[in-house]
Amino acid sequence: MIQIQYFLSSPYTETTRPAARQVPLVQPRRRRLRLYLVGSNVDTRSAIASLHHLGYAEQFEWSHVIDIPENGLFVQPDPGDVLRYLQRYPAPRPPV
């Protein structure tokens, strides 16, 4: 028979042990910002290149071209989302 003797006692007894950290059941949602570029293929590629040069986003992070259905687009907002829209008119390009 093996007998083990403890030389150091724990500073905590069953009644003085600190409460375990409680993990919330619902994790907070990460905030997100969705950017939409709607325009000609040339103009959207130019905007993506400009945002890349500004260090905002890598070009490969953008989706491929998505066809817009004739009946338009539907955007599903998250709670508390608002919509802001900016329309610019790109400078005319000289003929090639």
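Where is the place of Thr-44? Thr-44 sits in helix α1. The legends below describe views of a predicted model.

**View 1. The whole chain carries one helix and zero strands.** The protein chain has 96 residues, and buried residues make up 5% of them. Its accessible surface comes to about 10,900 Å². Carbon and sulfur atoms account for 58% of that surface. One salt bridge is present in the structure.

**View 2. Helix α1 spans residues 41-53.** The helix has 13 residues. From first C-alpha to last, α1 reaches 18 Å. That is close to the 18 Å expected at 1.5 Å a residue. Gly-55 follows just after α1. Gly-55 takes a positive phi of about 85°.

**View 3. Thr-44 is a buried residue of helix α1.** Its relative accessible area is 15%. Thr-44 counts as buried because this value falls under 20%. Which residues does Thr-44 contact, leaving aside its neighbours within four places in sequence? They are Leu-37, Val-38 and Gly-39. One of these partners, Val-38, is found in the segment before α1.

**View 4. Val-38 is exposed and belongs to a nonpolar surface patch.** Val-38 has 60% relative accessibility. Val-38 counts as exposed because this value is over 50%. Tyr-36, Ile-68, Leu-73 and Val-75 form the patch with Val-38. Together the patch residues have about 540 Å² of accessible area. Val-38 is also in contact with Thr-44, and Thr-44 is buried.

**View 5. Asp-78 is in contact with three arginines, Arg-29, Arg-32 and Arg-34.** These contacts leave aside neighbours within four places in sequence. Asp-78 lies in the segment after α1. Is Asp-78 buried or exposed? Asp-78 counts as buried, because its relative accessibility is 16% and the cut-off for buried is under 20%.

**View 6. Asp-81 and Arg-34 meet in a salt bridge.** Their side chains come together at 2.7 Å, N to O. The pair links distant parts of the chain, with Asp-81 in the segment after α1 and Arg-34 in the segment before α1. The two residues are 47 residues apart. Asp-81 is partly exposed, with a relative accessible area of 36%. Arg-34 counts as partly exposed too, at 28% relative accessibility. Both values lie between the 20% and 50% cut-offs, so each residue is classed as partly exposed. Arg-34 is also in contact with Asp-78.

**View 7. Ala-91 and Asp-43 have C-alpha atoms separated by 10.0 Å.** The two residues are 48 residues apart along the chain. Ala-91 lies in the segment after α1. Ala-91 is exposed, with a relative accessible area of 61%. The label follows because this value is over 50%.

Conventions
Residues numbered from 1 in each chain as written. Predicted model: local features only at pLDDT ≥ 70, side-chain atom pairs only at ≥ 80, totals over all residues. Heavy atoms only, no water. Helix = DSSP H or I, 4+ residues; strand = E, 2+ residues; numbered from the N terminus. Buried < 20%, exposed > 50% of the residue type's maximum accessible area, 1.4 Å probe, protein only. Areas by Shrake-Rupley, 256 points an atom, 1.4 Å probe, with all protein chains shown as cover. Patch = residues over 30% accessible without salt bridge, like charges linked within 9 Å, V, L, I, M, F, W, Y side chains within 5 Å. Salt bridge = Lys/Arg side-chain N within 4 Å of Asp/Glu carboxyl O. Expected span 1.5 Å × (residues − 1). Contact = heavy atoms within 4.5 Å.
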